[in-house]
Structure formats: structure tokens, C-alpha cells
Amino acid sequence: MLCSDAKSHSTDEQFLDYINANFYSNTPREVVSKILDLYPADPADGSPYDTGDQFAYSPQYKRMASFQGDFIEQAPRRLLSQTIASKQRVYAYCTLYLRMP
């Protein structure tokens with residue numbers, strides 16, 4: 001599911017259909033549509049970041065990668081950190097140090 005169908009999505013509607021069907025199936029579409037504002041369609045804004053239009057295999061590919069990265073990786077990490085922080089110190093690091101240019 002990780003960006004596997006992203007190459008076949010080329011419109012906002014297809015992106016929204018995919019998100020609604022696979023991540024928010026019990027949520028009304030008009031609520032899910034707010035995701036379009038949070039994840040812009042411009043490939044230069046998508047993941048991997050700071051790469052411009054490079055790696056934009058389709059019009060929605062980098063947008064989908066951004067959403068899925070947040071949903072599958074970042075949100076659970078933040079939730080776990082917040083939950084554990086009420087019981088002990090938590091250290092979380094995000095760095096650009098080892099990032100390839």
C-alpha cells in the first residue's frame with residue numbers, strides 16, 4: 001500500500017479517493033477532503049523533501065509519499081512519545097545530518 005498505487009493517481013480526486021478508501025473509510029468524504037489543503041499537489045512540496053520535482057513519478061506520487069510518511073511513520077512515533085512522556089523522559093531526534101544532497 002505504501003505509494004504502490006501512487007503512479008496511477010494523477011488528479012486530486014483520485015488521491016482523495018485513495019485516502020478515503022484506504023485510510024479513512026469510516027470518515028465522510030467532505031471531512032477527508034481537508035487533507036487536500038494539508039498536502040498540496042505541487043510535487044516540489046512532497047516527499048522526499050527538498051528535491052524539487054525530482055522523484056515525481058506521477059502528479060500525485062510525492063503528495064502520496066508525504067501523506068503516507070506522516071500517517072504511517074511520524075504520527076505513531078509522536079503518539080508513542082507523547083504517551084510515554086507522561087511517565088518518563090523521552091528523547092526524539094529528527095536530523096538532516098545523514099541526508100544525501
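Is Phe67 buried or exposed, and what is its relative accessible area? In this predicted model, Phe67 has a relative accessible area of 3% and is therefore counted as buried, the cut-off being under 20%.

Phe67 belongs to helix α4, which covers residues 61–85. The 25 residues of α4 reach 35 Å from the first C-alpha to the last, close to the 36 Å expected at 1.5 Å a residue. A bend of about 35° occurs in α4 at Asp70. Besides Phe67, the buried residues of α4 include Tyr61, Lys62, Arg63, Met64, Ala65, Ser66, Gln68 and Ser81. The partners against which the buried residues of α4 pack are α1 (12–22) and α3 (35–38).

In α1, the buried positions are Phe15, Leu16, Tyr18, Ile19 and Asn20. These buried residues pack against α2 (29–32), α3 and α4. A contact of another kind involves Phe15 of α1 and Arg63 of α4: the charged end of Arg63 sits over the ring of Phe15, 4.6 Å from the ring centre.

The largest nonpolar core contains ten residues, namely Phe15, Leu16, Tyr18, Ile19, Phe23, Val32, Ile35, Tyr39, Met64 and Phe67. At least two residues of this core come from each of α1 and α4, and α1 provides the largest share, four residues. In soluble globular proteins, nonpolar side chains tend to be buried together.

Aromatic residues were examined next. Over the whole structure, a search finds eight aromatic pairs. One of them is formed by Tyr18 and Phe23, which are edge-to-face, with 6.3 Å centre to centre and 65° between the planes. Both Tyr18 and Phe23 are buried. Tyr39 and Phe67 form another edge-to-face pair, at 5.6 Å centre to centre and 85° between the planes. This pair links distant parts of the chain, since Tyr39 lies in the loop between α3 and α4 and Phe67 in helix α4, 28 residues apart. Tyr39 has a relative accessibility of 16% and so counts as buried. Apart from residues up to four places away in sequence, Tyr39 touches Arg63, Ser66, Phe67 and Asp70; Asp70 is also the site of the bend in α4. Tyr18, Phe23, Tyr39 and Phe67 are members of one aromatic cluster, together with Tyr24 and Phe71.

The loop between α3 and α4 also holds Gln60. With a relative accessible area of 3%, Gln60 is buried. When neighbours within four places in sequence are left aside, the contacts of Gln60 are His9, Ser10, Thr11, Asp12 and Phe15. Phe15 is thus in contact with Gln60 and lies beneath the charged end of Arg63.

Backbone geometry in this loop was considered last. Most residues other than glycine have a negative phi, and most peptide bonds are trans. Ser47 and Pro48 are joined by a cis peptide bond, with omega about 0°, and Pro48 is placed in the loop between α3 and α4. Asp50, although not a glycine, has a positive phi of about 60°. This residue is in the loop between α3 and α4 and, at 62% relative accessibility, counts as exposed. Phe55, likewise not a glycine, has a positive phi of about 70°. Phe55 lies in the loop between α3 and α4 and is partly exposed, with a relative accessible area of 34%.

Technical notes. Residues numbered from 1 in each chain as written. Predicted model: local features only at pLDDT ≥ 70, side-chain atom pairs only at ≥ 80, totals over all residues. Heavy atoms only, no water. Expected span 1.5 Å × (residues − 1). Bend = angle between axes of the 7 residues up to and from the residue. Buried < 20%, exposed > 50% of the residue type's maximum accessible area, 1.4 Å probe, protein only. Contact = heavy atoms within 4.5 Å. Phe/Tyr/Trp six-rings, centres within 6.5 Å; stacked < 30°, edge-to-face > 60°. Lys NZ or Arg CZ within 6 Å of the ring centre and 35° of its normal. Core = buried A, V, L, I, M, F, W, Y, C linked by side-chain atoms within 4.5 Å.
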